[in-house]
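Thanks for sending this one over; here are my notes, in the order in which I would go through the model with you. Please keep the viewer open as you read.

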There are 2 protein chains.
Amino acid sequence: MYRENRKKQTKADIVQHAISLFKQKGYEKVTVEEITNACGIAKGTFFNYFPKKEYILLHLTDSYMELLDHILHKYDGASLKDQILFIYRDLITLYAKYADLLRLTLEETIRFSIRSHTEQTNIMRFQKSLGAIIESAKNNGSFQSQWKTDQISSILTGLLINVLIHYSSPLDKAQMLEELKNQLNIVWEGIIHESMEENRKK
Amino acid sequence: MYRENRKKQTKADIVQHAISLFKQKGYEKVTVEEITNACGIAKGTFFNYFPKKEYILLHLTDSYMELLDHILHKYDGASLKDQILFIYRDLITLYAKYADLLRLTLEETIRFSIRSHTEQTNIMRFQKSLGAIIESAKNNGSFQSQWKTDQISSILTGLLINVLIHYSSPLDKAQMLEELKNQLNIVWEGIIHESMEENRKK
DNA sequence: GAAATAAAATGACCATAGTCATTTATGACC
DNA sequence: GGTCATAAATGACTATGGTCATTTTATTTC
């Protein structure tokens, strides 16, 4: 608890001014000194908070992640299919926002690199959380399937990736969500729901 | 065709010496000057071939890609399921090799970034090529399914991602392939083959 | 409230990524 | 084989990322 607030404040300052400058001139063109000048601190201080300039980008990713976690547990009460749809929707929105920030900020190559990193990490989290959600729906009896939880979450994650990949350049959120809904319906009717029917017959 | 060979030679030289040095000391610790000294060329020359130091890593990714393309069309004669299994196997081997190189070469954070980039790009290619393979199997009648090609390739790609993600740290190739085979069998029997049976009955 | 301790900020300093005007090598054409 | 045009190589130079020994600021203890 030692001087925690001061530290937090300084870090937040750096992040805030950095993002603002990145939006104006792009990541590459902004020097560390510009950032620290904007904050009214010495250059060296920056490196007490971020080991390398690049790490401030990873920090952005981390903030994004925290939002992701929130989304994944936001719809705990709803039916499984609804939960999934709501999560898809929120994720697309979040993703679009993040991608827009990166587009403003970064030059093509590094942007792709960072975004891949984010997506990759998100995919892991998403799939894991989806697994937990499915498992709990199975446990409380609201959802049944002969499919292993891992397989279902893998397929559902696949749908999301598929859509994110295909629509990555011009981010039309509505279109993406529509496509996801279609895909989900097909999968749901074709496999998951069908499996439920089978299970009921037994 | 103008002096192409000379250019190719210089570039190949740079790449070769760079990789060798990266393996010895790691990407970060190797300076551009070291690389050019090893090649017996001037520092400036490096930047005639790679706009930034970092781009030499992306070049590695590109080489890797070329191998991927080759793999994806290597088993054109075989049955669809065999093709997929063979491709899975080769991809895991290729992936392990690449991941090992990166592990030797790069420090954790940037490595993850670059690897994500590679995986992401590969996934797109893989899924697209898989689509083409499935489509052609459908066309020549050796494979039938009520499922849309996109859906199948999405699911099959999902399996691969799933395995790559879960086994990414300790790369046990045999284990990864075994898992993939199991998953493929379940999916194949459960969905794809079943659909074929239905189609045959009609 | 002075001394002791530890956290945080500082900025002079260095190493090197990347630039660019100039030079050198290569081949084409007569 | 001399002239011209273009590709490729050069290396002095600059800007900036990153280090680190030192100083300043905050907190605790008596």
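1. Let me begin with chain A as a whole. Of its 202 residues, 50% are buried. Please bear in mind throughout that this is a predicted model. The exposed surface of chain A comes to about 10,200 Å², and 51% of that area is supplied by carbon and sulfur atoms.

2. The secondary structure is quickly told. Chain A has eight helices and zero strands, so the pattern along the sequence reads α-α-α-α-α-α-α-α. If we take the contacts in chain A with a separation of 6 or more, 65% of them join residues 24 or more positions apart.

3. Next, the nonpolar core. The largest one has 112 residues, and the residues with the most contacts inside it come from both chains: A:Ile35, A:Tyr88, A:Leu156, B:Ile35, B:Tyr88 and B:Leu156. For a closer look I would pick A:Ile35. Beyond its neighbours within four places in sequence, A:Ile35 contacts A:Ile14, A:Ala18, A:Leu21, A:Phe22, A:Val30 and A:Phe46.

4. A:Leu21, one of those partners of A:Ile35, deserves its own point. A:Leu21 sits in helix H1 (residues 4-25) of chain A. Is A:Leu21 buried or exposed? Its relative accessible area is 12%, and because buried means under 20%, A:Leu21 counts as buried. With neighbours up to four places away set aside, A:Leu21 is in contact with A:Gly26, A:Val30, A:Glu34, A:Ile35 and A:Ala38. Do also look at A:Thr105: this residue is 84 residues from A:Leu21 along the chain, while their C-alpha atoms are 8.8 Å apart.

5. Now for two residues that touch chain B. A:Ile161 belongs to helix H7 (residues 149-166) of chain A, and with a relative accessibility of 10% A:Ile161 is buried. Which residues does A:Ile161 touch, not counting those up to four places away in sequence? They are A:Ile123 and, from the other chain, B:Ile161. The C-alpha atoms of A:Ile161 and A:Gln120 are separated by 9.7 Å, with their positions 41 residues apart along the chain.

6. The second of these is A:Gln183, in helix H8 (residues 173-201) of chain A. A:Gln183 has a relative accessible area of 6%, so this residue is buried. Leaving out residues up to four places away in sequence, A:Gln183 touches A:Leu159 within chain A and B:Gln151 in chain B.

7. On to DNA strand D. There are 22 residues around this strand, and those that come nearest are A:Lys43, A:Lys53, B:Lys7, B:Ala42 and B:Tyr49. Of the atoms of DNA strand D that come within 4 Å of the protein, 68% belong to sugar and phosphate. By residue type, the surface near DNA strand D divides into nine nonpolar, five polar and eight charged residues.

8. Finally, some individual contacts with DNA strand D. A backbone N or O atom of A:Val32 is 2.8 Å from a phosphate oxygen of the strand, and a polar backbone atom of A:Lys53 lies 2.7 Å from a phosphate oxygen. On the base side, a polar side-chain atom of B:Asn48 is 3.3 Å from a base nitrogen. The elements giving two or more residues to this surface are helix H3 (43-49) of chain A and, in chain B, helix H1 (4-25) and helix H3 (43-49). The largest share, four residues, comes from H3(B).

Technical notes
Residues are numbered from 1 along each chain as its sequence is written. Chains are lettered from A and ligands numbered from 1 in the order in which they are written. This is a predicted model: local features need pLDDT of at least 70, side-chain atom pairs count only at pLDDT 80 or more; totals for chains, interfaces and linings use all residues. Side-chain values use heavy atoms; hydrogens and water are left out. A residue is near a molecule or strand if one of its heavy atoms lies within 4 Å of it. A polar contact is a pair of N or O atoms within 3.5 Å; within protein, one must be able to donate a hydrogen and the other to accept it, and residues adjacent in sequence count only if both atoms are side-chain atoms. Ala, Val, Leu, Ile, Met, Phe, Trp, Tyr, Cys and Pro count as nonpolar, Asp, Glu, Lys and Arg as charged, and the others, Gly among them, as polar. A nonpolar core is a set of buried Ala, Val, Leu, Ile, Met, Phe, Trp, Tyr and Cys residues joined through side-chain atoms within 4.5 Å. Buried means under 20% relative accessible area, exposed over 50%, partly exposed in between (1.4 Å probe, protein chains only). Contact means heavy atoms within 4.5 Å. Accessible areas come from the Shrake-Rupley method with a 1.4 Å probe; for residues, only the protein chains shown count as cover.
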